[in-house]
Amino acid sequence: MTSQLEQLRKITTVVADTGDIAAMSKYKPEDATTNPSLLLKAAAIPEYAGYIGEAVEWAKSQGNSRDQQLTDAGDRLAVLVGRAILKIVPGRVSTEVDARLSFDTPASIEKARHLISLYEDIGIKRERILIKLASTWEGIRAAEQLQKEGINCNLTLLFSFEQAVACAEAGVFLISPFVGRIFDWYVANTDKKTYAPEEDPGVQSVRRIYDWYKLHGFQTVVMGASFRNIGQIQALAGCDRLTIAPELLKQLDETNEPLPVALKDSGRRETAPAKINEAKFRWGQNENAMATDKLAEGIRKFAADQRKLEELLGAKL
């Protein structure tokens, strides 16, 4: 019997949830995702040491304002790391828009266009990039416009069904529902502390979204993310894509039991209901304490790590 990682590859596109070049070279994912937290970790990896200096020197050449230099250095570093990753993975890399822009549609669009231009300036075509945006109403509206411009988007920090519906209706390329963070919230805020994979609220959330997308013929890719154990991954085998951290890729690679298909398109189709509007979207979020808490927390954490990254770069300016 081949490893569960190899079995998974046959039914799901495997994506690396890391900026670690060595891990990607070892496990050979199709795509890779990055975010400010992963970039912060990547900054300590020897393979990336030169990119920090390169990003800083480039930022200095762009203008004299220190604030602008910090922004430029952060953007350049993200793109340089993205380029390094694309030398390893055959597919796409996700690069994140600053989380502090999560409630500003025009600024998010401008930042996404800028990141794409930086990639194109160093010879990377936009077809290999996914722009990551938080799944706020404003982020989804930004993605809707960007998709029309041929800039594919990955909508992240997705915790509610309303977010998933709005993303599909906006025509975004891919969503990243956060399985592990949903699980974390229920463990922290309810009396139930352990879940079988089938009962896991994060797993159930992704299954509901996957089934709804297929039933109504939406093309948006469902990529489960933020896993805490391989049981969650096994329970979503067959999902369009799964983005998995190196330690869990290792566990899957060392497990040889059969891996049953858990998600599969039934082929049944129904007409989609009326489109969700802003009021319904916001009310659905408001009524979902888990989604409200985790979206806000996720944005705060990514923003905090972006500031830490800027402090690291600022020390070099």
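**Exercise 1. Find how many salt bridges the whole structure holds, then examine one between strands.**

A search of the whole structure finds 22 salt bridges (a side-chain nitrogen of Lys or Arg within 4 Å of a carboxyl oxygen of Asp or Glu). This is a predicted model: local features need pLDDT of at least 70, side-chain atom pairs count only at pLDDT 80 or more, and totals for chains, interfaces and linings use all residues. Residues are numbered from 1 along each chain as its sequence is written, and side-chain values use heavy atoms, leaving out hydrogens and water.

Step 1. Take aspartate 31 and arginine 241: their side chains form a salt bridge at 2.4 Å, N to O.
Step 2. Place them. Aspartate 31 is in strand 2 and arginine 241 in strand 8 (residues 241-244), so the pair links parts 210 residues apart in sequence. Strands are DSSP runs of E, at least two residues, numbered from the N terminus.
Step 3. Check burial. Aspartate 31 and arginine 241 are both buried (under 20% relative accessible area; exposed is over 50%, partly exposed in between; 1.4 Å probe, protein chains only).

**Exercise 2. Work out in what order the eight strands close into a barrel.**

Step 1. The order is 1-2-3-4-5-6-7-8, with parallel pairing. Two strands pair if DSSP finds at least two bridges between them.
Step 2. Zoom in. Strand 2 (residues 31-33) and strand 3 (residues 93-96) pair over two bridges. Alanine 32 has valine 93 as its bridge partner in strand 3.

**Exercise 3. Classify arginine 207 and glutamate 198 as buried or partly exposed.**

Step 1. The two form a salt bridge, with closest N and O atoms 2.7 Å apart.
Step 2. Arginine 207 is buried at 19% relative accessible area. Glutamate 198, at 48%, is partly exposed.

Note on methods. Helix = DSSP H or I, 4+ residues; strand = E, 2+ residues; numbered from the N terminus.
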